[in-house]
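Please read the report below with the sequence and the 3D structure side by side. It goes through a metal site, some ring contacts, the domains and a few backbone details.

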Amino acid sequence: MPRIVIEGCHVATCDAAATEHEDGYVVLDGARITAVGPGHAAPELRDGAQLVDGSGCLATPGLINTHHHLYQWITRGIATDTTLFGWLTTLYPMWARLDEDSVHASAAANLAWMALTGCSTTSDHHYVFPSDGGDLLESEIRAAQTIGLRFHAARGSMDLGESDGGLPPDSVVEDRDQILAATEQAIDRFNDPAPESMLRIAVAPCSPFSVTGGLMRDAAELARRTGVRLHTHLAETEDEEAFCQTNFGCSPAEYAESLGWLGDDVWMAHCVHLSEPAIERFAQTGTGVAHCPTSNGRLGSGAAPIMSLLRAGAPVGLGVDGAASNESGRMVDELHQALLVARVRDGPVALSARDCLSMATRGGARCLGRSDEIGTLAPGMLADLALWRVDGIPGAGIEDPVCTLVFGAPALERLFVSGRPIVAAGQLLTADTEQLAAEASRVARVLQRQPT
Ligand code: ZN
């Protein structure tokens, strides 16, 4: 790949000092960033390079999505007026019909949308594996490779079916031994622990109400033995709090800790209902939180205590969550939602625009264990960069480009992942978006049709 020099843009590096250059440059050399600064790049860096005119644009690290369910793109707009548990029980029977074709089409369309809304690294939590569905994890990994995003695939699972007191129907749960074997096989086949990795696997039983404590314990052991990270949903709703109090005599956070699930190799989605002592434990242990404000609002789950988590020093990233509970699924919108939700909960000075950008970049990198490689524009970091148009109608009248990014509605101009152009002039370069949409519509029609 030729060296790429982006100049003339506002650069928000998202480094520890939150350094910004009002008129700056970034140099991408292969998969890495080699220079960032104010003004123009040095002549020897510009010589022979591809020059990108960044005027009217804001450069940020590519956004990092720490929680998602890509397969849900094809079941959006369903059960729109019910609780999490009501929503899940409506959707489980549709998800029981997932197969390789539907998961691939859904993931590809959803990943394209993530790229077009500024996301360079996404995790995905896939936890529905019907017995006759085929290799669903491989299907979404193939989609991620086609679209070109850095991918952290969390191999999810459920082993607590309705007949054992869990929420999901027995048709979508798996046997514990089978889950552990399939997860270990996925780690062996796909996990690339090397620097510059485009693909990592995490171990990710679904939630306290769909997974046995035994599987949670064994999953933690498997992840630690194989050196991968742990992910799950936790403390999302009051119903879950009641479920844990009834079944385990403690809160979800206490339950997680009793199973060995707090630690700096763990990140968990939601964490809406955390007590002050639980927040302290998250901070002390370095347990990460994937904050999903849009999904929490859509399902009326509540407003997570993000200010308290940040003040305590816990890692906090942002997640769009699955598209069935965040239909628009735009990564950049999650920054705005995080700010609004924090202010509804904690008042008018809770979270600044820059706090939100930091969560979506540095915070996300910390949750995924990639702080040394992504989430910051600095020499030596991976060349994952989003360039946003802040000079059009959405940015007109807003002087501060970071405010346009968070409060406004900026359009993405370019996206690079490991220096590879994924989006240019607002268009996806790696796949035909019309074809992706047609494929997603086709499989959605099949999946949503009631069986006769
Ligand atoms: Zn989720």
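What spacing do the donors of the zinc ion follow along the chain? The donors are spaced as H-x1-H-x163-H-x87-D. This structure is a predicted model, and every value in this report is computed from it.

**The zinc site**

The residues that coordinate the zinc ion are His-67, His-69, His-233 and Asp-321. Each histidine uses its NE2 atom and the aspartate uses OD, at 2.1 to 2.4 Å. The angles between the four donor atoms run from 89 to 175 degrees, so the arrangement is irregular. For four donors, a tetrahedral label needs all angles between 85 and 135 degrees, and the upper value of 175 degrees belongs to an arrangement that is irregular. Two of the donor residues, His-67 and His-69, are buried.

**Aromatic rings**

How many aromatic pairs does a search of the whole structure find? The search finds nine aromatic pairs. One of them joins Trp-87 and Trp-95 in an edge-to-face pair, with 5.8 Å from centre to centre and 80 degrees between the planes. Trp-87 has a relative accessible area of 4% and is therefore buried. Trp-95 is also buried, because its relative accessibility is 0%. Another pair is made by Phe-243 and Phe-248: the ring centres are 6.0 Å apart and the planes stand at 70 degrees, which means that this pair is edge-to-face. Phe-243 is buried at 15% relative accessibility, whereas Phe-248 is partly exposed at 31% relative accessible area.

Trp-87 and Trp-95 also belong to one aromatic cluster with Tyr-71, Tyr-92 and Tyr-127.

Two arginines lie over ring faces, as the table shows.

| Arginine | Ring | Distance to ring centre |
|---|---|---|
| Arg-76 | Trp-73 | 3.7 Å |
| Arg-155 | Phe-129 | 3.7 Å |

**Domains**

The domain assignment divides the chain into domain 1, with residues 4-61 + 375-428, and domain 2, with residues 63-367. Domain 1 is thus written as two segments of the chain. The centres of domain 1 and domain 2, taken over C-alpha atoms, are separated by 29 Å. Between them, 32 residues of domain 1 are in contact with 32 residues of domain 2.

**Ile-4 and its contacts**

Ile-4 is in strand 1, which covers residues 4-12. Is Ile-4 buried or exposed? With a relative accessible area of 4%, Ile-4 is buried. Leaving aside residues up to four places away in sequence, Ile-4 touches Val-26, Val-27, Leu-28, Gln-50, Val-52, Phe-416 and Gly-419. Val-52 is 48 residues from Ile-4 along the chain, and the C-alpha atoms of the two are 7.1 Å apart.

**Positive phi angles**

Most residues other than glycine have a negative phi. Ser-418 is not a glycine, and its phi is positive, at about 50 degrees. Ser-418 is located in the loop between strand 15 (411-417) and strand 16 (420-424). The relative accessible area of Ser-418 is 12%, so this residue is buried.

Ala-425 has a positive phi of about 50 degrees as well, and is not a glycine either. Its place is the loop between strand 16 and strand 17 (427-428). At 54% relative accessibility, Ala-425 is exposed.

Methods
Residues numbered from 1 in each chain as written. Predicted model: local features only at pLDDT ≥ 70, side-chain atom pairs only at ≥ 80, totals over all residues. Heavy atoms only, no water. Donors = N, O, S within 2.8 Å, 3.2 Å for Na, K, Ca; no water. Tetrahedral: all angles 85-135°; square planar, octahedral: opposite > 155°, others 65-115°. Buried < 20%, exposed > 50% of the residue type's maximum accessible area, 1.4 Å probe, protein only. Phe/Tyr/Trp six-rings, centres within 6.5 Å; stacked < 30°, edge-to-face > 60°. Lys NZ or Arg CZ within 6 Å of the ring centre and 35° of its normal. Helix = DSSP H or I, 4+ residues; strand = E, 2+ residues; numbered from the N terminus. Contact = heavy atoms within 4.5 Å. Domains from an automatic or database assignment.
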